[in-house]
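Welcome! Here is a short, friendly tour for anyone meeting this structure for the first time.

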Amino acid sequence: MLNIALFGPPGSGKGTQSEKIIEKYKLAYISTGNLLRAEIAEGSELGKCAKSMMDAGNLVPDELIVQILEKKIKNLDKDEKGILFDGFPRNLVQSYIITGLLAKLNTELTAMINLEVAEEELMDRMLKRAAIEGRSDDNPETIKNRFVQYEAKTKPVADFYKEMDKCYTVDGLGTIDEIFARISKVIDQLK
Ligand code: ADP
C-alpha cells in the first residue's frame, strides 16, 4: 500500500492538495479534522466533546481521535491502494497510534509529506478562508493558538519521521498546481 501522511501547519493547504492527491493516486482519504467536523454536525457525544477544544484551537484528546479512526478504518475497502492521512498524526503519541493502526492492516506509513509555508502567509490565507467558509476556528485568536499547538506538539512529529528518512519537505508557496507538481514528484519517486 501507498500510505502517506500530509503534514504542515494550519492553513498550509493540506485539504486542497489532498483532493488532488487522492484523485491522482486513488487513495482512501482520512482527515481527522473533517471526521471531527462530521461528528459535530451529527451532534454525536464525541462531536460535543470535541467542539469546544476545536473552537479554542486546542488538540482534541488522542482517545477521541482513536475512536473516529477505528470507525473510519472499519469502513475502508479491503483492497484499498493506500491511505492519505490529512492532519494526523498531530503529536508524538499519534505517531505511535498510526504505526499500530497500519500494522493491523499489515502495512506501514510510506512517507510523510511536509508542506512548508511561512507563518505570515498562513495567517493571511486563513483569514481569507474564514471569510469564505466561515469555519468557527478560523478567527485570529483561535488561529494564534493553533500555531502555538502546532509548534509545541505537532512539529516534533516531522523530526520523528526525518530521523527515519521518511519525511519529504515540499515548498508550499506557489499556485495549487505548482505545489501539486512538487508533491507528485515526491510520490512518484516512492513508488
Ligand atoms: P488545520 O490543520 O487547518 O488546523 P484541521 O481540520 O486539520 O485544520 O483541524 C482542525 C482542528 O481539529 C484542530 O485545531 C484540532 O482541534 C482538531 N484536530 C484535527 N485533527 C486532530 C488530531 N489528529 N488530533 C487532535 N486534534 C485534531
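The notes below cover strand pairing, aromatic rings and one charge over a ring.

Please keep in mind that this is a predicted model. A good place to begin is strand 3, which spans residues 83–86 and is joined by bridges to strand 1 and to strand 2.

**Strand 3 and its partners**
- Ile-83 and Phe-85 point one way from strand 3, while Leu-84 and Asp-86 point the other way. All of these residues are buried.
- Strand 1 (residues 4–7) runs parallel to strand 3, and three bridges join the two. Here Leu-6 has Asp-86 as its bridge partner.
- Strand 2 (residues 28–31) is also parallel to strand 3, with four bridges between them. In this pairing, Ala-28 stands opposite Ile-83.

**Aromatic rings**
- The structure holds four aromatic pairs. One of them is Phe-7 with Tyr-150, whose ring centres are 6.0 Å apart and whose planes meet at 45°, so the pair is tilted.
- This pair links distant parts of the chain: Phe-7 belongs to strand 1 and Tyr-150 to helix 7 (residues 140–163), 143 residues apart. Both Phe-7 and Tyr-150 are buried.
- Phe-85 and Phe-88 also form a tilted pair, because their planes are at 50°, with ring centres 5.8 Å apart.
- Phe-85 counts as buried because its relative accessibility is 0%, and Phe-88 counts as buried at 1%.
- Tyr-96, Phe-160 and Tyr-161 form one aromatic cluster.

**A charge over a ring**
- Lys-20 lies over the face of Phe-180, at 5.4 Å from the ring centre.

Methods: Residues numbered from 1 in each chain as written. Predicted model: local features only at pLDDT ≥ 70, side-chain atom pairs only at ≥ 80, totals over all residues. Heavy atoms only, no water. Buried < 20%, exposed > 50% of the residue type's maximum accessible area, 1.4 Å probe, protein only. Pairing = 2+ DSSP bridges. Phe/Tyr/Trp six-rings, centres within 6.5 Å; stacked < 30°, edge-to-face > 60°. Lys NZ or Arg CZ within 6 Å of the ring centre and 35° of its normal.
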